[in-house]
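Colleague: Before I plan around this model, could we go through its helix packing and its cysteines together?

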Amino acid sequence: MGEVWTGAALGCVGVAVWLTGGRQSGARRAQLLFAGGGVVAQGPPAWPRLAAGGLRRARERLRPEWWSLVAGLALGLLGASVVPVVAGAAGVPLVRRARLARETRVAGERRADAVIALCGVLAGEVRVGRQPGEALLRAARDSGGLGDAQAAVLAAARFGGDVPEALTGAARQPGADGLLGLAACWRVAVDQGAGLAAGLDRLDAALRAQRDQRADLRAQLAGARATALMLAGLPAVGLLLGAALGADPLRVLLHTGAGLGCLFVGGALEGIGLWWALRIVRGAESV
């Protein structure tokens, strides 16, 4: 068993060397030595710069979810057990799902801001006397609020197609709900001859008010989210305190029956509690 953990430790060291760009630095040094009589400059050690560059490259190469496996390997080496490794591997898809959900939410917020900008620019273009189709072409080029459906909407505006229908299709993207209001304004302006600029101004004001309300609600819920995450991290703090006092909590948790039972029950309760607290926060944000 000792040989297995020694091999795993050597493998982790090799991965760390590869992530910090050891191969690239060696190749670069060989090029300087043998290409055209180049001379390698001698100077003070550049370990801080190399370390910072290595950490940056490691963050770029490793997705956040893989750090769960790295942490499991580290704890497995410290505690001489495969349980943390298995837990770290099981946490990879969960962290990936959380990362993708966050990226989707951020992309939706950016698209919502782009839709607001599109409505404002379009209202200005219509107000200065341009035709709705030409105004939409200019506004979409300047704001980029149509996202992946921009080509279809612009084609409808340029060649006399069904612009409201194209806008409705574009509104299916996350964060692009405001395009439904734009489609309604467009349809009313074309069918009934109403002023498009006035409707766009009201739509822009409503979307901005909705965005500000959502931002204010998120700011009010930030304390609850931070409290839930802080409480979730308390068991790790307890393990660190126990190790500092010489109690060797990893040995108790990973190599005794009672410790394994407490670990599994506590981990399950911890996960359920964190999921429930974040679910409450997300439900309040979606109201």
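**Helix α7 and the core**

Colleague: Which residues of helix α7 (residues 150–158) are buried?

Modeller: This is a predicted model, in which local features need pLDDT of at least 70 and side-chain atom pairs count only at pLDDT 80 or more, whereas totals for chains, interfaces and linings use all residues. Residues are numbered from 1 along each chain as its sequence is written, and side-chain values use heavy atoms, with hydrogens and water left out. Buried means under 20% relative accessible area, exposed over 50% and partly exposed in between, with a 1.4 Å probe and protein chains only; in α7, a DSSP run (H or I, at least four residues) numbered from the N terminus, the buried residues are Val 153, Leu 154, Ala 156 and Ala 157.

Colleague: Within what arc do the buried residues of α7 fall?

Modeller: Taking directions from the helix axis to the C-beta atoms, the buried residues line one face of α7, because they fall within an arc of 160°.

Colleague: What is Leu 146 in contact with, leaving aside its neighbours within four places in sequence?

Modeller: Contact means heavy atoms within 4.5 Å. Leu 146 meets Val 153 and Leu 154, and its other partners are Leu 118, Ala 140, Leu 167, Ala 170, Gln 173 and Leu 179.

**Cysteines**

Colleague: How far is the sulfur of Cys 185 from the closest cysteine sulfur?

Modeller: Cys 185 is buried, at 18% relative accessible area. A disulfide is a pair of cysteine sulfur atoms within 2.5 Å, and the structure holds 0 of them. The closest cysteine sulfur to that of Cys 185 is in Cys 119, too far for a bond at 7.6 Å.

Note on methods. Helices (H or I, at least four residues) and strands (E, at least two) are DSSP runs, numbered from the N terminus.
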